[in-house]
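Me: I've got a protein model to look through. Can you walk me through what holds its inside together?

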Amino acid sequence: MTDQQSQSSFRSAILTALTALIFGFLGAAIWSLSGLADNRTRTFLIQNPDILPAMATALQTQEASKRLAQAGGAVFEPFEGAVLGNPLGSKTLVEFTDYNCPYCEASLRDVMSLVEDDPELRVIVREYPIFQGSDVASRMALAAALQGKYEAFHKAMFALGPATPQSVEKAAIAVGLDMERAKADAVSDRVTAELAKNTAIARQIGFGGTPAWVTGDTAIEGAAGVERLRDAIANAGPQAES
């Protein structure tokens, strides 16, 4: 399932559950607290259908924030070198990404725009290969990070995509990796553990697709766009260095 399909399915489920909640428990609560009849609640919602998507989005954000809190601080602990922007920046944005995800490729422009506009921003990139064939690219990206060339490989890989063994090697050579070392690092226990960690964190937060984002106590799934990300980072405020 693609990230777009996953998000659509999740939203549909949320809307169904939310509607049931409103017409059930919430209706009873409104009755007991204010004396309004259940049919008045129904009438209000029928006359104001736009409130349901807004409430569903709020509920989705609230639930993601709860799961994020349960995940602890591991999401803000970067893999060595896998950072864009200022590694010591006081503001942090975390991105879960996949090189075969077209929305991740499109979001790269947003990320680089945010980095260019804010010298205090660090972007921790968590490799989350969920599309077929992208694991090899994620492994080489982490190998590039260990050689201090993560950003260069990250950009080259999206430019040369989709991710295949051939395009991965081409990107690695283009950015000047020590290929013998990179190939060894790509299959190392360290890189394997990082990918497993990223998958575990993403699942705990509830991310089913890419791109996905975390800043402060806010978790966002999907191609959020530069303005929404900028607002989320601003609302999160300065964050302690990991």
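Reply: Start with a term. A nonpolar core is a set of buried Ala, Val, Leu, Ile, Met, Phe, Trp, Tyr and Cys residues joined through side-chain atoms within 4.5 Å. Keep in mind that this is a predicted model.

Me: Which residues touch the most other members of the largest core?

Reply: Tyr 99 and Phe 153 do, in a core of 45 residues.

Me: What is Phe 153 in contact with, leaving aside its neighbours within four places in sequence?

Reply: Tyr 99 is one of its contacts. Phe 153 also meets Ala 137, Met 140, Ala 141, Ala 144, Val 168, Ala 171, Ala 172 and Val 175.

Me: Back to the whole core. Which elements give two or more residues to it?

Reply: Strand 3 (121–127) does, and so do several helices, including helix 4 (102–117), helix 6 (150–160) and helix 9 (189–205). The largest share is from helix 5, with 7 residues.

Me: Where does the other core come in, and how many residues has it?

Reply: That one lies apart and has 15 residues. Phe 76, Tyr 128, Phe 207 and Val 214 are among them.

Me: New topic. How many disulfides are there?

Reply: The structure holds 0. Cys 101 is in none, and the nearest cysteine sulfur is that of Cys 104, 3.1 Å away.

Me: Why is there no bond from Cys 104 to Cys 101?

Reply: The two sulfurs are 3.1 Å apart, which is too far for a bond. A disulfide needs them within 2.5 Å.

Me: And is Cys 104 buried or exposed?

Reply: Buried, because its relative accessibility is 1%. Cys 101 also counts as buried, at 1%.

Conventions:
Residues are numbered from 1 along each chain as its sequence is written. This is a predicted model: local features need pLDDT of at least 70, side-chain atom pairs count only at pLDDT 80 or more; totals for chains, interfaces and linings use all residues. Side-chain values use heavy atoms; hydrogens and water are left out. Buried means under 20% relative accessible area, exposed over 50%, partly exposed in between (1.4 Å probe, protein chains only). Helices (H or I, at least four residues) and strands (E, at least two) are DSSP runs, numbered from the N terminus. Contact means heavy atoms within 4.5 Å.
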